[in-house]
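Let's take a walk through a protein chain, from the overall picture down to single residues. Keep the 3D view open while you read.

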Amino acid sequence: MAPFSPRSPWLSFILVALALVAGTMGATMPSPLYPLYETAWGLVPSDIAVIYVAYMAGVVASFLFLGRLSARFGALPVLKAGLVVVLAGLALCALAPDRTVLILGRAVIGVASGLITSAATLGLIETEPAGPGGRASIIASSVTMAGFGLGPFVTGLVGQWAPAPLLTPYAVVFVLAGLVLAGLAVFAGRGQRPEPPPALSFMPRLVLPAQRGLFLIAGFAVFCAYALFSLIASLAPSFIAGVLPWHGPAVSGTFVAAVLFCSASVQWPGRRLDTGRGLTLALGLMSLGSAGLGYAGASGSILAFAAADIVIGMGHGLAFMSGLGLVNRIGRQEGGHAGILASFLTIGYLGTIVPILGIGLLADRIGLGPAIAAFCAGTGGFCLLLLAACRGHRRPAPVRSWS
C-alpha cells in the first residue's frame with residue numbers, strides 16, 4: 001500500500017500515531033476512577049473486574065471478528081471508524097448512571113481499541129516516510145505503551161482536582177480523539193486499499209505462522225505482561241489506598257501509568273536486542289516482578305510494590321516490543337500480516353480476561369492480599385516455563401491457520 005498522503009508523509013505518520021495514542025488512552029483511563037465508582041455505586045472488587053473484563057472482551061471480539069477489515073478497506077478508513085466508535089464509548093461512560101451502562105461503554109471502547117490498535121499498527125508501517133521495515137515497529141510499540149500510560153496519568157490528575165471527576169476525564173479524552181479524527185479526515189487523505197481487496201468476512205481466522213514456536217512464546221509472554229498490568233490497573237488502586245499515606249485518583253493513576261511509562265522507555269535502549277534475547281529478559285523480569293508484587297500484596301510493603309511496578313513495566317515493554325518486531329518480520333517474510341498480528345494481539349489480550357476475572361471473584365472470598373499472592377505465584381511460574389521454552393527453542397514449523 002502507498003502512504004496515506006504522498007504530499008505530507010510525515011503528517012500522515014504523526015496523525016496515525018496520535019490516533020493510536022487517543023485509542024489507547026481511552027483503554028486505560030478508568031483505572032484511577034475505580035475507587036470513586038466503588039464509593040458512588042457501592043461496587044465490590046468483582047464488579048471492578050467485570051467492568052475491566054468487559055473492555056477486554058470488546059478488544060478480543062474486535063480482533064477475532066473485525067481483524068481483517070484493514071485488509072479489506074485499508075488501514076485509514078478503519079482507523080477513522082475506530083475513532084468514531086471510541087467517541088461513542090467515551091460518551092456512554094461519561095454519562096453512565098449505573099454499573100450496567102458503564103460496562104456497555106467499556107465494551108464499546110474495547111471494540112474501538114481493537115480496531116485502532118490493529119489499523120494504526122499497520123498504518124504506521126505503511127506511512128513511515130523511510131518506507132516499510134524502518135522504525136515503525138518500535139514506534140508503534142512505544143506509542144502504544146505511552147498512550148496506555150497517559151490514560152490513567154491524565155485521568156488521575158483531572159479526577160483529583162477537576163469538578164465532576166466521573167465525567168470530566170472522559171471529556172478530556174473525547175476532545176483529543178475528536179481532534180485527531182478531524183485531522184485524519186482533513187489532512188491524511190483517503191488512503192488506498194489493497195488491489196484487489198479480499199472478500200469481506202467477519203468469520204474468525206487467526207493465522208499461526210511457520211515460525212510458530214517463537215511466535216507462541218512471544219504471544220504468551222505478552223499474555224503474562226497484560227495479565228500483570230491488568231492486575232495493577234483493575235485492582236491495585238484499592239490496594240494502594242490501603243498501603244500508601246496519600247490517596248486519590250492522581251496517586252493510583254501515577255502508579256498504574258508508571259508500569260506503562262517504564263514499558264515505553266525501556267523499548268528504545270532494548271531495540272538492539274534480538275527477539276530471543278528480548279523475550280528471555282522480559283520473562284525473567286516479569287517472573288521477578290510477580291514475586292515482588294505478591295510479596296507487596298502479602299506484606300503491604302510500599303517499596304516492594306513500587307519496585308515490582310517498575311520491573312513489571314520493563315518486562316512488559318520488552319515482551320511487547322520483541323513480539324511486535326517478530327510479527328512484523330514474519331509478516332514481511334510470509335505474508336498475511338493482518339492475520340498474524342490479530343493472532344498475536346488476541347493471545348496477548350486474553351491474558352487480561354480470565355485471570356483478572358478469576359482474581360476478582362477470589363478476592364471477594366479470601367481477600368485482596370491473598371488473591372494477589374495466588375495470582376502472582378501462578379503468573380510468575382508460567383513466565384519461568386516460557387523462559388525455559390524460549391531458551392530451548394530451535395526451529396520453525398509449517399504454516400497453520402485457525403478458522
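## The big picture

The protein chain comes to 16 helices and two strands. Keep in mind that this is a predicted model. Of the 403 residues in the chain, 57% are buried. As for the outside, the chain exposes about 15200 Å², and carbon and sulfur atoms supply 69% of that area.

How do the contacts spread along the sequence? If you take the contacts with a separation of 6 or more, 86% of them are between residues 24 or more positions apart.

## Into the core

Now for the inside. The largest nonpolar core has 122 residues. Which of its members touch the most others? They are Leu-83, Tyr-170, Leu-283 and Tyr-349. Helix H9, which covers residues 212-234, gives this core its largest share, with 15 residues.

Zoom in on Leu-283. Leaving aside residues up to four places away in sequence, Leu-283 touches Ile-217, Ala-221, Cys-383, Leu-386, Leu-387 and Cys-390.

Tyr-349 turns up again in an aromatic cluster, together with Phe-63, Tyr-226, Phe-320 and Phe-344. The count of aromatic pairs comes to nine.

## Three residues side by side

Here are three residues to look up in the 3D view.

| Residue | Helix | Relative accessibility |
|---|---|---|
| Leu-18 | H1 (residues 9-28) | 38% |
| Thr-28 | H1 | 5% |
| Ala-342 | H14 (residues 337-350) | 5% |

Why does Leu-18 count as partly exposed? Its relative accessibility is 38%, and partly exposed means the range between 20% and 50%. Leu-18 also joins Trp-10 and Ile-14 in a nonpolar surface patch of about 310 Å².

Thr-28 sits in helix H1 too, but this residue is buried, because its relative accessible area is 5% and the cut-off for buried is under 20%. What does Thr-28 touch? Not counting residues up to four places away in sequence, Thr-28 is in contact with Gly-147, Phe-148, Gly-151, Pro-152 and Phe-229.

Finally, go to helix H14 and find Ala-342. With 5% relative accessibility, Ala-342 counts as buried. Now look for Ser-62: along the chain, Ala-342 and Ser-62 are 280 residues apart, yet in space their C-alpha atoms are separated by 9.2 Å.

Note on methods: Residues numbered from 1 in each chain as written. Predicted model: local features only at pLDDT ≥ 70, side-chain atom pairs only at ≥ 80, totals over all residues. Heavy atoms only, no water. Phe/Tyr/Trp six-rings, centres within 6.5 Å; stacked < 30°, edge-to-face > 60°. Core = buried A, V, L, I, M, F, W, Y, C linked by side-chain atoms within 4.5 Å. Buried < 20%, exposed > 50% of the residue type's maximum accessible area, 1.4 Å probe, protein only. Helix = DSSP H or I, 4+ residues; strand = E, 2+ residues; numbered from the N terminus. Contact = heavy atoms within 4.5 Å. Patch = residues over 30% accessible without salt bridge, like charges linked within 9 Å, V, L, I, M, F, W, Y side chains within 5 Å. Areas by Shrake-Rupley, 256 points an atom, 1.4 Å probe, with all protein chains shown as cover. Salt bridge = Lys/Arg side-chain N within 4 Å of Asp/Glu carboxyl O.
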